[in-house]
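Here is a short walk through one model, stop by stop. Keep your viewer open and your selection tool handy.

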Amino acid sequence: MDVLECIKGRRSVRKFTDEKVSQADIEKLIDLSRFSPTWKNSQSVRYIAVTDEALKAKIADEAVMGFEGNKNIINGAPVLIVETTVDKRAGYERDGSFSTSKETHWQSFDAGICAATFCLAAHEAGLGTVIMGIYDEKKVIDILGVPEGQSVSSLIALGHPAEEPQAPKRKEVADLLTVK
Ligand SMILES: Cc1cc2nc3c(=O)[nH]c(=O)nc-3n(C[C@H](O)[C@H](O)[C@H](O)COP(=O)(O)O)c2cc1C
């Protein structure tokens, strides 16, 4: 698959088959995601792959703020990737001060780039993903025992697609670009 096809063809997939995703397949996606650019190459993004059905169900039941959509996605996905970031790395100086006036912003920025790379790599491998932002961070941390000093940046459902969604309408280039 060429890169243009991959970028344009990737969709958020919310329904998955029962087929398992192997640990080797997950590792291949992380192997690609780790080539994402990050703040001063700080590489503060981490991934927890949740495949245990009971653990996944607990997250679906207790940690998505009651949002049925995400609950169904998580219960139906063979893997839930919990993307975390080590705090106080991206956007920080060595002495612990902020590098810019945007303060903590760069942590999420790095996580977003890594999530995009992960989802594109999954699409290229024939797998489907959807990034989920509607979750209760504290509950996810408690359920999974996320190490102290890390934040949860996104949840990403991963599996073999059971649907081929249409692309939601995109704004035109002219609506997005200003040239000065
Ligand atoms: C930061 C972020 C948070 C999102 N949160 C959710 C979510 O909680 N639940 C969901 O079903 N989709 C979620 N999405 C998926 C978007 O709805 C989807 O990317 C968008 O509609 C465009 O569709 P496409 O990904 O198929 O191009 C999220 C996407 C992003 C980037």
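## The whole chain

Colour the protein chain by secondary structure, and you should find seven helices and four strands. Follow the sequence from its start, and the elements come in the order α-α-β-α-α-β-α-β-α-β-α. Bear in mind throughout that this is a predicted model.

Now zoom out until everything fits in the window. Along its principal axes, the box filled by the C-alpha atoms is roughly 50 × 45 × 30 Å. The radius of gyration is 17 Å, close to the 16 Å that the globule rule gives for 180 residues, so the protein chain is as compact as a globular protein of that length. Of the 180 residues, 30% count as buried. If you look at contacts between residues at least 6 apart in sequence, 77% of them join residues at least 24 apart.

## First stop: α2 and α5

Select residues 23–33 for helix α2 and residues 105–124 for helix α5. How do these two helices lie relative to each other? Their axes come within 8 Å and cross at roughly 135°. That angle falls outside the ranges for parallel, perpendicular and antiparallel pairs, and α2 and α5 are therefore oblique to each other. The crossing of α2 past α5 is right-handed.

Next, show side chains where the two helices meet. On the α2 side, pick Leu 29, Leu 32 and Ser 33. Facing them from α5 are Cys 114, Thr 117, Phe 118, Ala 121 and Ala 122. Sorted by class, the residues of this contact are six nonpolar and two polar, with no charged ones.

## Second stop: α3 and α4

Move on to helix α3, residues 53–62, and helix α4, residues 68–76. The axes of this pair also come within 8 Å, and they cross at roughly 175°. An angle over 145 degrees counts as roughly antiparallel, which is why α3 and α4 are described that way.

To see the contact itself, select Lys 56, Ala 57, Ile 59 and Ala 60 in α3, then Lys 71, Ile 74 and Asn 75 in α4. The contact of α3 with α4 has four nonpolar residues, one polar residue and two charged residues.

## Third stop: Glu 62

Stay in α3 and click on Glu 62. Is this residue buried, exposed or partly exposed? Glu 62 has 15 other C-beta atoms within 10 Å, so it is partly exposed. Leaving aside residues up to four places away in sequence, Glu 62 touches Lys 139 and Ile 143. For a sense of distance, draw a line from the C-alpha atom of Glu 62 to that of Gly 112: the two residues are 50 apart along the chain, and the atoms are separated by 24 Å.

## Last stop: the loop between β2 and α5

Strand β2 covers 79–86, and Lys 88 lies in the loop between β2 and α5. Check its backbone: Lys 88 has a positive phi of about 60°, although it is not a glycine. Lys 88 is partly exposed, with 14 other C-beta atoms within 10 Å.

Which other residue should you select in the loop between β2 and α5? Glu 103 is found there. Glu 103 has a positive phi of about 50°, and it is not a glycine either. With 11 C-beta neighbours inside 10 Å, Glu 103 counts as exposed.

Methods: Residues numbered from 1 in each chain as written. Predicted model: local features only at pLDDT ≥ 70, side-chain atom pairs only at ≥ 80, totals over all residues. Axes fitted to C-alpha atoms, helices over the stretch in contact; angles between N-to-C directions. Parallel < 35°, antiparallel > 145°, perpendicular 65-115°, else oblique. Left-handed = near helix turned anticlockwise from the far one by under 90°. Contact = placed C-beta atoms within 7 Å. Nonpolar A, V, L, I, M, F, W, Y, C, P; charged D, E, K, R; others polar. Rg over C-alpha atoms; globule rule 2.2 N^0.38 Å. Buried ≥ 20, exposed ≤ 12 C-beta atoms within 10 Å, placed from the backbone.
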